[in-house]
Amino acid sequence: MSGNNPFGSGYATPGSSRSYSGDRRGGARPQYMTVGAGSTSESAARLQAMLDEDSGYGGSRADGELMENVWNPGPSEDRFTPDHTPIKPGESNAASENERRIVASHVHQLFYNQNRTALGRAINQTVETLRKLQEMNAKWPAHYPTVQRPPSPPVLQRPDIRPGLQHTQSTAGNDRELVRPPSRPQPPRRAGTSLGEHQSAESSVAAEAKAPEVAPPRLVTPQLAQEFSVLKIELKMQGLAQSEIVHSLEKQSVAALLDNQINNSIRHLFSLRERIEDTSSKVLVTGDLNAGKSTFCNALLRRKVLPEDQQPCTSIFCEVLDVSENAGIEEVHAIPHGHVYNRNDESTYSVFALKQLEGIVVDSDRWSQCKIYIKDIRPVDQSLLNNGVVDIALIDAPGLNNDSLKTTAVFARQEEIDVVVFVVSAANHFTLSAKEFIFNAAREKAYMFMVVNGFDNIRDKRRCQEMILKQINQLSPATFKESSELVHFVSSNAIPVAAGPGGGPGGGPSGGGSSSASFGSSDNTPRKGEDDDDEPSGKHGEPGSPPKKKGKGKEKEAQDDFNELEVSLRRFVLEKRARSKLAPAKTYLNNVLGDLTTLATVNRDVAQNELDRVTEELKQLEPVYEQSKKARSEADDEVAAGIEETANEVYTLTRDTLTTSISRVAESDLGVQYPGMFGAYSYADDVKAAMLSQVAETVRWCEERAREKTVTGVSSIKSLGLLHLGDEYVDLTFRSEKMFRSRRDALARQVEFEADIWDFFDFASLWERQEKVAGTSMAVTVAGVVGGRMLGGVGWLDGAMTATKIVGTNNLRRVILPGLILSVVLAASYAISQIPHSLPKRLSAKLAAQLAQLDYTHSNSTRVSGEVRRALKYPADKLREGLQKSVESLLEQRRETVKVRVESEVARKYFGNLVRESAEIRTRVQRVDLEGPTPGIVGAYEA
Ligand SMILES: Nc1nc2c(ncn2[C@@H]2O[C@H](COP(=O)(O)OP(=O)(O)OP(=O)(O)O)[C@@H](O)[C@H]2O)c(=O)[nH]1
């Protein structure tokens, strides 16, 4: 009972012979069922185009060659794919049709498994790659590129997009999405998995090439033209753009944020893997209150499981699952509010018998939802729940009204809901709640399976179809386009159902009684509709279709329609499942691997730049380091030699000066007045003090010279420091006056000698004087000489002898005594007169002797030169320290640079490999074709 779409695009149903496009040329090219006889559907056209290019044996098409001119929607696009399964020429009877459908399912499953394995492997490889990146990021904090923000585009509002459903993981970027001028059609997105998929249309690297030439790099950090889609670091801070915050952070903090993002990504990949490994598929049956959802579910199950009632009764979500998932036991698990269902944990639910379901579904105060495990009585090739290919769970939702609308919308958006079946009453059409639900859901799931139920109640079936399809066109244009496959006008109550076991809600064990007043159903007996009119009825109400039969014929027709619906639904579920389970993984992998390639490319380049930089740095550092080492040892030697030389000079000078000074102290003018014979002793003291002070003065003079020498020494050390250390040399203030601060009166205390009587008379010099005047012979001369020289103080003994000779012995006896006395007097007076001459000499000799005994000259020379050495040692040590530090810092710098070089080398190699690896995995992911079997394989099957 198929008909042309009254809106012009007549669609053929796959179950009928009219559904095959093209003629049946035996042995000709394989023909494929297409949907839409008037205009070939997009996928079919694409498939046909591929076939035209392909030999039919697969593998001949190079990736991308053929697709270039075709607008290829993203893998995540939620769209309907027509049956790809070929028809064997000549076969048209029901048995072969049935067989064909089964084979189609299996072929589909085969490809599904292949794709699933490929994506699973890609997920594992990506996780491994991400983990390695984390390890690398810990050792070598990865650079996170800034995003060049192009000048704001003109704001073009897209009224068709309401905020809120674009992203679930990422919020940043939505605003940009909203104001983007519409260019090419955007594939619809699924919640949670479509993160940034709009960016997958072109790789970030490719986009980078297109980066605006203006806007020079703001930072040293590399810039990207486009945000990352998955590895995006999310930061929010008032008044700062995301990129600004990222780049105001320490490199380590950015690396930590990236690490966190990688962790999120790994987690998401695991959940995607879990999802693709999950073989079950969930079908949510929703619709208006009392539209016949429960009846429809029961019809699909061919068993009265769910309570049907004339008034709204289903108030909780009822999930019908195959009994095999509950160890073969038929029962109901009712889940109280606030519990997360876990079949293995009985505390999360209460167990009931199937017959108690009626009481459960109305008790929304107590239960949030229930799981119904039943045995599907239909054979494997017809069963929906247990069809041998995929485990399908049917979820009967509460009827839509203001209260349940939101809950059901949220439920429908769940990732595990693969297909939404919308049941609408043929009599009531779409209510406001229904319209709102479909409008919103259309953005998540562009295609919806529409069941127009209670068609038996409609008198003017054609008008009903027209009106409903018109409404669908407005609500979900995509569904409308594929309406022959997706919109079904049926009477669920026309399907014979078996009663629930143990007197289920639909009837007792005998199956005879129905709780629904409208159906007088018995086991496997069609439930009779109320419409007895002769109006042409059928799927799309073909105007030219023959009038319908009455009675049994009509029932048969209703059942055929329902069977047709089932075929479509099954195929839709299987195909949607492939798309809803695998597409998110493919999209996400594509995005994360794209990001990885971008990140790796940026970091490879950064590592290369760093490597070049440090290599150059090392080249320059090497000679500086060698020079510094040489300077250190040279300066060391020079300073040591300088100090030694200065100290020796000072020692020699001090020693010589002191020796000379001590030996000549008597000769110098000591400035002490001789007070006469009676003050001779005090004179001796004064002379001694003057001599000591002279010696001390000499020492002071030597110290002054030593100071000067030290100042010169310090300056030359300073010059050396400035020469070798430059600015790093720490200038020291040298205060020479602080040298030689020890008390100088110490000498007076050390030197202890007193003048004795003999020190006053210098007999040796008196004798000397006598030698000089020998030869004078006259006594007169003696007297004259003596008299004359008495005051002069010389030759007194000569005078006495001469007088003896002249006077003769006899006379001498007379003059001897007075002469002797005179001589003695004269001699004594002469000696006394000579005290100022003889005393200093005697004292100086004594002083010299005592100083020699004290080792005065040497010890002072040592002291002075020692102090000079000490004074020079400090700046010398500082210089040495500075030089050592400079060498060490250069050594450290070299060590650091070598370390960076090694790290950069490792990073460059690692990121270089990562660029290649991520691109390889991405290529493999992109090759996964979720659109259907490749033509070559289908061709092979056909052959
Ligand atoms: N004539 C006719 N009646 C139907 C058809 N399908 C369901 N009904 C009747 O419509 C009423 C409502 O059916 P239910 O299956 O309980 O409807 P529902 O949508 O599940 O209701 P709630 O979930 O409680 O909102 C029942 O009395 C059914 O017998 C149909 O195709 N034709």
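# Questions around a ligand shell and a nine-stranded sheet

Visitor: Which residues come nearest to the ligand in this predicted model?
Guide: The shell around the ligand holds 27 residues. From that set, the ones that come nearest are Gly292, Ser294, Thr295, Thr314 and Gly399.

Visitor: Which helix gives the largest share of the shell around the ligand?
Guide: Sorted by class, the shell has 5 charged, 6 nonpolar and 16 polar residues. The largest share from one element is 3 residues, and the helix behind it, spanning residues 293-301, is H7.

Visitor: Zooming out, how many helices and strands does the protein chain have?
Guide: We're looking at a chain of 943 residues, with 40% of them buried. Take the contacts with a separation of 6 or more: 81% are between residues 24 or more positions apart. The secondary structure comes to 24 helices and 13 strands.

Visitor: Which strands stand at the edges of the open sheet, and why is one side of each left without a neighbour?
Guide: The sheet has 9 strands with mixed pairing, in the order E7-E6-E8-E5-E9-E3-E10-E11-E12. Each edge strand has a single partner strand, so there's no neighbour in the sheet on one side of it. Those edge strands are E7 (350-352) and E12 (487-489).

Visitor: By how many degrees are neighbouring strands of this sheet turned against each other on average?
Guide: Here the direction of the strands is ignored. On that basis, the average turn between neighbours in this sheet is 20°.

Visitor: In E7, what is the bridge partner of Val332?
Guide: Start with E6 (residues 331-336), which is joined to E8 by 6 bridges in an antiparallel run. One of the pairs there is Glu331 with Tyr373 in E8. E6 is also joined to E7, again antiparallel, by 3 bridges. In E7, Val332 has as its bridge partner Phe352.

Visitor: Do E5 and E8 run parallel or antiparallel, and which residue in E8 stands opposite Glu319?
Guide: E5 covers residues 317-322 and E8 covers residues 367-374; they pair over 6 bridges, in the parallel sense. Cys318 has Cys370 as its bridge partner in E8. Opposite Glu319 in E8 stands Lys371.

Visitor: What about E9: which of its residues stands opposite Val320?
Guide: E5 pairs with E9 (residues 391-396) in the antiparallel sense, over 3 bridges. Look across from Val320 into E9 and you'll find Leu394.

Visitor: How many of the residues of E5 are buried?
Guide: Check one face and you get Phe317, Glu319 and Leu321, all buried. The other face has Cys318, Val320 and Asp322, and those are buried too. With both faces covered, the count for E5 is 6 of 6.

Visitor: Which helix lies across E3, E5 and E10?
Guide: E3 spans 280-287 and E10 spans 417-425. The helix lying across them and E5 is made of residues 404-413 and runs at about 155° to E3. That's H9.

Visitor: Which residue in E11 stands opposite Val423?
Guide: E10 is mostly covered, with 9 of its 9 residues buried. It's joined to E3 by 6 bridges, running parallel, and there Lys282 stands opposite Ile417. E10 is also joined to E11 (residues 449-453), parallel again, by 5 bridges. Opposite Val423 in E11 is Val451.

Visitor: How far apart are the end C-alpha atoms of H6?
Guide: H6 (residues 251-277) has 27 residues, so at 1.5 Å a residue it should span 39 Å. Its buried residues are Val254, Ala255, Leu258, Ile262, Ser265, His268, Leu269, Leu272 and Ile276. The distance between the end C-alpha atoms agrees with the expected span: 38 Å.

Visitor: Is Gln471 buried, partly exposed or exposed?
Guide: Gln471 is found in H11 (residues 461-475). A residue needs 20 or more C-beta neighbours within 10 Å to be buried, and 12 or fewer to be exposed. Gln471 has 18 inside 10 Å, so it counts as partly exposed.

Visitor: What separates the C-alpha atoms of Gln471 and Lys435?
Guide: Leaving out residues up to four places away in sequence, Gln471 touches His429 and Phe430. Lys435 is 36 residues from Gln471 along the chain. Their C-alpha atoms are separated by 8.9 Å.

Note on methods: Residues numbered from 1 in each chain as written. Predicted model: local features only at pLDDT ≥ 70, side-chain atom pairs only at ≥ 80, totals over all residues. Near = placed C-beta within 6 Å. Helix = DSSP H or I, 4+ residues; strand = E, 2+ residues; numbered from the N terminus. Nonpolar A, V, L, I, M, F, W, Y, C, P; charged D, E, K, R; others polar. Pairing = 2+ DSSP bridges. Axes fitted to C-alpha atoms, helices over the stretch in contact; angles between N-to-C directions. Contact = placed C-beta atoms within 7 Å. Expected span 1.5 Å × (residues − 1).
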